[in-house]
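Please open the model in your viewer, colour it by chain, and keep the selection panel at hand for the stops that follow.

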Amino acid sequence: MLSRTIRRSILDSRIPTSALPPTFLLPNRARYFNSTVQHVDAPSESLDASLLATNTSAEAPETVAPVRRPIRPKVPLPPAPISSPMALDASVKEMLPLLAAQPSHYISAHIHAKPYLVTAGDTVRLPFHMPGVVPGDILRLNRASSLGSRDYTLKGTPYLDERVFECRARVMGTEAEPMRTKEKKKRRNRRINTVKSKHKFTILKIAEIKINSLEDIEGSGESV
Amino acid sequence: MVVQGIRKATVGQNGVGAFILQCKRLDFHYCDWAGSSKGMNSFLRNSLTKFAALNPQVEITVSPRPRRHPVIRGTYINGREKAICVRNLTKEQVLQKAELLRDANGEKLRKVTKPVKSINESVRGVWSPYHDGGIHV
Amino acid sequence: MSYFRITLTRSGIGMPKRTQGVLKALGLRHRMTTVFYPVTPEVAGQIMRVKELVTVQEVDKPLTKSEVRAERRPDPGFYLESAAPRG
Amino acid sequence: MKRLRLERWSGQLLTARSIPARTRPCCLRQQQQAALPPRIRFSSSAAMLSDDLILEDGEELEEESSPSDTKYPSPPLEAAFNSSKLAALHARLNLSPKLPLQTMARTLVDPSADSNADFNNAALSSLGGSIMSYHVSEWLLCTYPRLPMTVLFAASYAYSGPKTLQLVGKEWGVETAAAPGEEVDPGHLQFSKLKPGQALQSQGGSIRPDSKSYYRRGMSSRVVYDDEFGDTVSKQAEHDVPLPTEHAYASFVKAVVGSVYLHSGSAAAKTFVKNHILSRYLQIASLFQFREPVRELSRLCAREGFEYPVARILSETGRRSRHPVYVVGIFSGKDKLGEGAGPSLGEARTRACVHALKAWYLYSPGANVRVPSDMEVAGAQEWEPVHIDMGEVIH
Amino acid sequence: MFGAFRPTNPLSGGLLWKIPWRLSKFQKARQRKRLRAVDSLVATLDKALTKQSITTKAVERWKEEMPIEQEMVPKDKYTIFDRKEKKYRKSIRKLPKWTRVSQRVNPPGY
């Protein structure tokens with residue numbers, strides 16, 4: 001018990017206020033019910049330390065804790081907006097509005113370098129359990145290799161520029177597979193070893209695929 | 001006779017617009033006498049209030065079930081139920097099982113071969129033998 | 001002081017014992033391991049012995065194992081835009 | 001207009017009127033004052049009233065009425081506070097804390113359960129129904145400007161009709177109470193259910209001026225006199241007539257929209273409708289049912305001034321076999337309007353005409369087109385007029 | 001008959017595994033690729049060593065004796081000398097571990 005409180009205090013003391021997540025990441029509706037449901041504690045505590053990116057290279061804590069390599073946040077946090085102006089060549093400038101005007105679109109989004117060909121409203125069952133996400137979170141998929149509609153396709157080398165499109169996915173929850181058993185037996189040996197496995201998988205729902213208009217792309221390029 | 005409209009109902013896409021957590025109710029059954037319910041009792045005493053506060057959309061009921069193993073029973077919006085026996089588990093493990101039930105969506109567990117499931121039509125259209133020539137034999 | 005960045009691309013299973021010995025000496029146990037050695041005639045000779053199995057680059061500074069892994073880790077491809085209140 | 005706190009408003013009304021004037025012969029009830037705890041008030045008022053209570057069936061009410069004897073059709077407002085189902089529903093819909101649990105409980109009480117207008121969701125559901133139908137029809141008109149009126153009615157029925165709202169209510173996890181009553185958990189949807197075999201009572205005549213049976217209900221008259229789905233609006237809906245489940249769910253969902261509007265404003269109501277109703281999946285093309293597409297297409301081309309549409313065979317196979325396939329294209333001058341494949345020339349031409357008509361009717365300026373209600377947001381950009389179509393072809 | 005879709009020679013599924021006497025065009029392409037890879041490796045080694053102005057016997061000997069892939073005759077790339085064959089050449093696949101062993105030079109004149 002004692003060790004845990006010390007570790008806890010170290011963690012708390014080392015989080016400089018500047019490393020707190022930007023305000024919009026905190027849950028935007030802190031719900032204080034006046035009814036019997038218990039009082040919801042302040043949102044900042046609900047984001048426990050493991051979620052924040054605490055790279056402690058700057059100041060070493062007083063108690064000589066080994067400077068461990070920075071704890072990688074379980075869920076990637078929003079990257080810094082790209083400041084380099086957007087270089088759109090002529091063909092993209094001409095055909096992107098046509099692509100955006102067509103009724104339905106698909107995108108080949110890459111999660112951990114694995115492509116998922118999805119349209120808006122699809123359910124994606126990732127082949128892994130994504131740590132640190134809770135049902136209801138909204139993820140922005142920013143790596144896509146191709147984005148297209150019926151007649152046009154925008155291909156990225158290897159990925160598209162993330163300012164061209166906005167693809168949001170909602171974390172629906174985690175689902176498991178039925179229990180799989182694997183019997184391991186060697187010949188002339190009566191002992192059978194059965195291995196049970198039941199992996200858990202995260203389920204996403206692609207909420208929205210939006211293609212930004214040319215002005216937005218150029219606008220975001222210069223103004224940032 | 002001008003074109004007529006056919007009356008249909010739309011299909012829900014939970015998660016596209018609004019997100020509704022599928023688990024709507026969690027029943028915690030414990031027993032004061034049984035030793036297997038020690039972890040569950042400590043969970044109910046210590047961390048259930050925090051769990052309930054963080055998941056206001058789940059209705060939580062706690063009721064004794066004497067001389068039985070402790071069990072958590074989740075009721076889901078599609079009407080199905082999932083129950084997990086938490087006998088001889090510590091309170092952290094009980095919390096994990098409760099979160100497992102909260103994150104599940106009540107569907108029957110089945111083997112899924114392809115990661116993407118869609119109800120939309122194909123965006124680029126499906127090949128048909130009647131158009132642009134088909135097979136030149 | 002430049003270094004050889006040696007990556008084993010084809011396994012040495014089934015190769016003569018001497019060749020496998022060279023791989024063991026270089027520390028290339030299984031496929032896709034990457035090791036760094038300074039540019040010396042001895043290392044060059046070893047590489048010539050297993051030249052069909054490895055790829056070599058000349059780099060100016062050696063990387064640690066975790067740096068090599070970080071280099072190979074793909075971009076996750078998503079980030080958390082808005083978080084629900086979490087436990 | 002400062003919005004009155006709902007329960008205070010309803011509370012004052014009650015104290016002003018000692019006994020609600022509308023008493024119906026068959027069962028005499030009195031409404032207890034919401035604010036004060038019933039326990040204390042109850043005994044004194046019962047004694048005062050008991051002498052002149054003469055029930056219809058002549059049964060005298062002499063003995064001192066025990067507290068549980070007088071039956072209220074809907075649970076008291078305090079029950080809303082300690083109902084975990086209701087709090088869970090409130091949190092599940094992500095409603096703002098400004099929306100109190102009493103209003104939430106009230107949206108679940110159907111007029112057929114509690115006919116007192118201060119405690120059922122009639123007012124809220126009519127308010128929410130108009131908001132929802134406004135947003136749905138506005139979005140449909142701007143996204144598919146050339147949609148014929150009948151298909152527009154069918155599409156708005158698909159998005160906000162009773163069948164869909166029942167699905168929405170069920171997806172919110174709301175169950176129906178077996179029967180309305182005071183002891184029911186406020187988290188259940190309370191309404192009096194149809195007994196098996198009970199005929200749906202006709203809701204009386206419609207409010208249409210020409211409601212004789214032999215008059216033809218034309219399309220333009222439906223726009224004026226009927227509701228947003230093109231159905232006749234009944235004159236005076238009896239309140240506590242048992243009704244099918246989908247109507248109860250529909251009025252509940254509309255009541256929630258109304259209460260969101262009441263407590264969080266029109267912008268919140270708009271996003272609520274957009275997230276819960278307009279985000280559902282519907283293939284508009286599957287709503288069309290053509291009777292004579294060939295004639296309709298030719299009238300359309302004549303009206304629009306295109307050249308007369310001509311059907312031409314594009315390709316065919318198996319003309320002499322058991323399964324011929326003809327691919328027919330409809331051409332108006334140089335450009336091809338539509339294409340269809342069928343086992344016979346006639347059917348192929350009909351499919352091609354259907355394809356051409358759908359291509360015409362389903363013109364859409366794009367999914368995220370701007371709707372008029374976007375202008376209510378402060379600092380909205382200049383409004384460019386939306387494409388308004390002449391309407392469908394009359395033949 | 002199938003125009004562009006000439007199937008490569010499949011190992012027939014049954015017990016008799018027929019191995020064609022010559023490499024398919026895909027195998028030849030991969031062989032060339034491997035030869036070029038070894039050449040580039042030797043070049044990087046040589047460049048690194050000359051930068052340090054040191055030499056190694058193995059590298060020097062290889063550079064003298066062994067031709068690079070572009071200089072090799074296709075015959076030398078895909079076949080090796082065999083005194084028992086009619087034309088004294090057999091397919092390189094007969095050499096064990098031919099994909100992980102360098103074999104570039106054959107007796108001249110054969």
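The pLDDT is the predictor's confidence in each residue, on a scale from 0 to 100. Since this is a predicted model, begin by selecting chain E, whose mean pLDDT is 91, with 90% of its residues at 70 or more. Where pLDDT is low, the predicted coordinates should not be read in detail. For the model as a whole, the scores are ipTM 0.83 and pTM 0.80.

Next, select chain D by itself, where you will find eleven helices and four strands. Of the 395 residues in chain D, 34% count as buried, and among the contacts in chain D with a separation of 6 or more, 64% join residues that are 24 or more positions apart.

Now add chain B to the selection: 43 residues of chain D are in contact with 28 residues of chain B. On the chain D side, the elements that give two or more residues include the helices H3 (84–92), H6 (149–160), H7 (162–171) and H9 (245–276) of chain D, together with its strands S1 (288–289) and S3 (325–332). Highlight H6(D), which supplies seven residues, the largest share of the side of chain D that touches chain B. If you then colour that side by residue class, it shows 23 nonpolar, ten polar and ten charged residues.

For the last stop, zoom in on strand S1 (residues 4–5) of chain B, which pairs with S1(D) in the antiparallel sense over two bridges. Which residue of S1(D) is the bridge partner of B:Gly5? Label D:Phe288, which takes that place opposite B:Gly5 as its bridge partner.

How values were computed
Residues numbered from 1 in each chain as written. Chains lettered and ligands numbered in written order. Predicted model: local features only at pLDDT ≥ 70, side-chain atom pairs only at ≥ 80, totals over all residues. Buried ≥ 20, exposed ≤ 12 C-beta atoms within 10 Å, placed from the backbone. Contact = placed C-beta atoms within 7 Å. Nonpolar A, V, L, I, M, F, W, Y, C, P; charged D, E, K, R; others polar. Pairing = 2+ DSSP bridges.
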